[in-house]
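User: I am new to this structure. Please take a close look at one part, the place where two of the domains meet.

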Amino acid sequence: MGGSYDLIVIGAGPAGLAAAWRAAQRGMKVALLERADHVGGLAASFEVAGVRVDQGSHRLDPNTPAHLLSDLQGLLGSDLQHRRRSSRIRMGEQWLTLPLRADEVARRLPPSLLARVARDSALSAFRRAESDTYDAVVRSRVGSAIYDRVYGPLAEKQWGMPGDRISSEHARRHTARLGALRVAGRAMVRSGRGKSAKPGGYYYPRTGFGQLVESLASAATDAGVEIRCEAEVDRVRVTEEEVEVSTQDSDVITGGLVFSTLPLPVLARISRPAPSLTSIESSARLRYRAMLLVYVVHEGGRWTPHDSHDIPDPRTPVVRISEPTNYRDNPDDPTDRSVLCAEIPCAMTDEVWGLDDESLADLVDETLGLTGLPGVRRSHVETRRIGQVYPIYRAGYENDFSDVDTWARMIRRVVTLGRQGLFLLDNIDQALLMAYDAVDAIRDDGRFDRYAWTVARERFHRSASPH
Ligand SMILES: Cc1cc2nc3c(=O)[nH]c(=O)nc-3n(C[C@H](O)[C@H](O)[C@H](O)COP(=O)(O)OP(=O)(O)OC[C@H]3O[C@@H](n4cnc5c(N)ncnc54)[C@H](O)[C@@H]3O)c2cc1C
């Protein structure tokens, strides 16, 4: 490929695609380099047994800002469907609708648990977190009855450590979910007569969540972006006049500006000049949780009428099982089979990471049995392993992040963004808005407005995100 560009974007996930598209629309010459053989990052879809599936449960937030939603509607037209949520969560021995409905909670939970939830809720105004950890903050908000059954076990499965070792930052980012449980709790105090959380809705593309990133990639290509897949970046070298970006197959291109959505520790490792030893050590302590996705093909039609099932139960490592065809209304989806997607967050050193497909399918079967879900008539199973999925906010991670981020902010002509680049547990709408803001911070003379970008970054870090 070679060549010289106004902007080189590293990573063709939602953030990279949107940035490349918007910059090309402004008339910039843009190259987009992606390690995988396809675009889309975590938001991509692919086919299993003729059914389009996502990499875990994905939905577009119904509160996506109007201008962004309008761009996405412009790309997808009527294929961007508004859907009613049909999710459930396991609480004790029951499956409850999400967002929680006070009447259902009051009817289905055992009286002893209800009494504890109601007491916790009544006392919530007087509780203060005793320390700055996820455990303390969430307990103070939802009470111990719900924490011990839902948030504690979910957090431990998701992050691989108990809530008292997780930073309170995660609690802040789960505000929306906490709200739904508090509404239910308060309503129970009023004997189930109160208002419940509003029924949930979301946007979802007709042929899978990945349709969204595929349409962004087409728009970017039409606007002139050169997208190159199977181009793993292994060196970013900053010189006085430009930045040189090299890929593993020894291609070198140069740019006036680079947007990197690489994981921050990777950028620290491959950048020249290299960061200080202290920053490298700090970056090595920034960890990401991996994710194992198990796709089980079920013969005989839909498996359930629900889109997803959240599973806090500590007896299984599976945190959620989704059924992609239930997220959309697509007449082209097969009617004689469906696919379940089980999400297993883990470390790459965990035993489960090395299990073969059949053993993982058995693990899913066990999970269904443990949680009272219907069995599957399994005809096929396949798995995907993703190494870097969730930034882990262990208590005290803030100092390490700040150290590496301070270095990254000072690299000339290089801007970090996206989920991995900012070590941010973001949603796709936030990743896209980040990309828009980054491109808008490029001045007409090609220089990057660090002030405008810093203001935008502060906004992302303040906003809440459950994924
Ligand atoms: C299980 C799960 C459920 C989710 N559910 C939702 C949801 O319901 N709603 C929602 O809005 N969001 C959801 N998200 C979040 C959403 O997927 C992310 O917000 C979004 O994908 C982030 O986009 P990004 O571009 O910042 O990062 P990524 O999607 O991670 O993209 C980064 C890209 O960089 C590439 N890359 C990495 N290293 C290199 C290299 N050396 N050279 C070149 N390229 C490289 C990667 O291959 C990848 O394509 C979910 C995420 C997960 C994991």
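Analyst: What follows looks at one domain interface and then at two spots elsewhere in the chain.

This is a predicted model, where local features need pLDDT of at least 70, side-chain atom pairs count only at pLDDT 80 or more, and totals for chains, interfaces and linings use all residues. Residues are numbered from 1 along each chain as its sequence is written, and side-chain values use heavy atoms, with hydrogens and water left out.

Start with the domains. Their bounds come from an automatic or database domain assignment. Domain 1 is made of 4-45 + 66-74 + 205-286 + 395-462. Domain 2 covers 87-189, and domain 3 covers 288-391.

Now the interface. The C-alpha centres of domain 2 and domain 3 are 24 Å apart. Domain 2 gives 17 residues to the contact and domain 3 gives 22; contact means heavy atoms within 4.5 Å. Together the two domains bury about 1,500 Å². That buried area is the accessible area (1.4 Å probe) that two parts lose on being put together, summed over both. Carbon and sulfur atoms carry 53% of it. On the domain 2 side, R88, W95 and K157 supply 41% of the area buried against domain 3, more than any other three residues.

What about charge and polarity? The rule finds 0 salt bridges across this interface, a salt bridge being a side-chain nitrogen of Lys or Arg within 4 Å of a carboxyl oxygen of Asp or Glu. It does find 15 residue pairs in polar contact, both at pLDDT 80 or more. A polar contact is a pair of N or O atoms within 3.5 Å; within protein, one must be able to donate a hydrogen and the other to accept it, and residues adjacent in sequence count only if both atoms are side-chain atoms.

Three elements give two or more residues to the domain 2 side: strand 6 (87-91), strand 7 (94-98) and helix 6 (144-159). Helices (H or I, at least four residues) and strands (E, at least two) are DSSP runs, numbered from the N terminus. Helix 6 gives the largest share, 8 residues.

Next, helix 5 (residues 134-142). Of its 9 residues, 7 are buried, meaning under 20% relative accessible area (1.4 Å probe, protein chains only). Among them are Y134, D135 and S140. G143 follows helix 5, with a positive phi near 90°.

Last, P205 sits in strand 8 (residues 201-205). P205 counts as buried because its relative accessibility is 0%. Not counting residues up to four places away in sequence, P205 touches L76, D79, L80, Q211, L212 and R328.

How values were computed. Buried < 20%, exposed > 50% of the residue type's maximum accessible area, 1.4 Å probe, protein only.
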